[in-house]
Amino acid sequence: MDMIDKKTILNSLRLPEKELEELSNICEHKIMDKGDYFIAAGQIPRKMAFVFKGLFRYVYSNENGNEFTKSIITENNFISSYSAMIHNSTSYFSVEVLEEAEILEIDYLRWLEMKEKNSFWSVFLLQILEKAFCVKEKRERELLLLDAEKRYEIFVAEFPNLENRVSQQIIASYLGIQPESLSRIRRKFKT
């Protein structure tokens, strides 16, 4: 993919021209297939990416193979296992591709070099992390304080059409309930 295409993809970030050029220079365009992993649990991540097209989930798996969906990431968002990356440690969760995806991958060391040369990127990073923190705090509050029906109602409002893109198993995992409970809640909402 040439520079113009990467810049077109990055235009949704509304960056100044100089910074758009800088970020475009350290990105690598990639296509990922459903079922692939951008980062696998146990791996030391050395990359992050901007999701242009597709859908991802952050997923924990326990020793019995049970999966727990931490987060669902849609288009125009960044993906990474950021705390593992900054601590140079293994990721506790995987970043799984839920449908064919198009991303701009950013090597972490190149990102650090760019950030060191231009303070704009520290402010940019802070904005991304603040947004992620707010999403995480809201999700924790919902899981701790709301019942499954209310969590499902919020899910449908926040992710319209997502039910057509991911399995019932993943939605149930995201909501912290069993698929059978999700079926019951969906039936109730349809009536």
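Okay, this is a quick run through the two largest pockets in this structure.

Before anything else, the model is predicted, with local features needing pLDDT of at least 70 and side-chain atom pairs counting only at pLDDT 80 or more, while totals for chains, interfaces and linings use all residues. Residues are numbered from 1 along each chain as its sequence is written, and side-chain values use heavy atoms, with hydrogens and water left out.

A pocket here is an open set of points on a 1 Å grid over the protein atoms alone, where a 1.4 Å probe fits and protein lies on both sides within 12 Å along at least five of seven lines; lining residues have an atom within 4 Å of a point.

So, the big one: the largest pocket comes out at about 1,400 Å³, where volume is the space filled by probe spheres set on the points. There are 46 lining residues, and Tyr58, Ile73, Ile128, Ala132 and Phe133 sit nearest the centre. α5 (120-145) is among the elements giving two or more residues, along with β3 (47-61), β4 (67-73), β5 (77-79) and α3 (82-87). Top contributor is α5, with 16 residues. By type, that lining splits into 26 nonpolar, eleven polar and nine charged.

On to the second largest pocket, about 200 Å³. Its lining includes Asn66, Glu67 and Phe68, plus Gln169, Ala172 and Ser173. β4 and α7 (168-175) each supply at least two residues there, and α7 has the largest share, three. The breakdown is four nonpolar, five polar and one charged.

Methods:
Helix = DSSP H or I, 4+ residues; strand = E, 2+ residues; numbered from the N terminus. Nonpolar A, V, L, I, M, F, W, Y, C, P; charged D, E, K, R; others polar.
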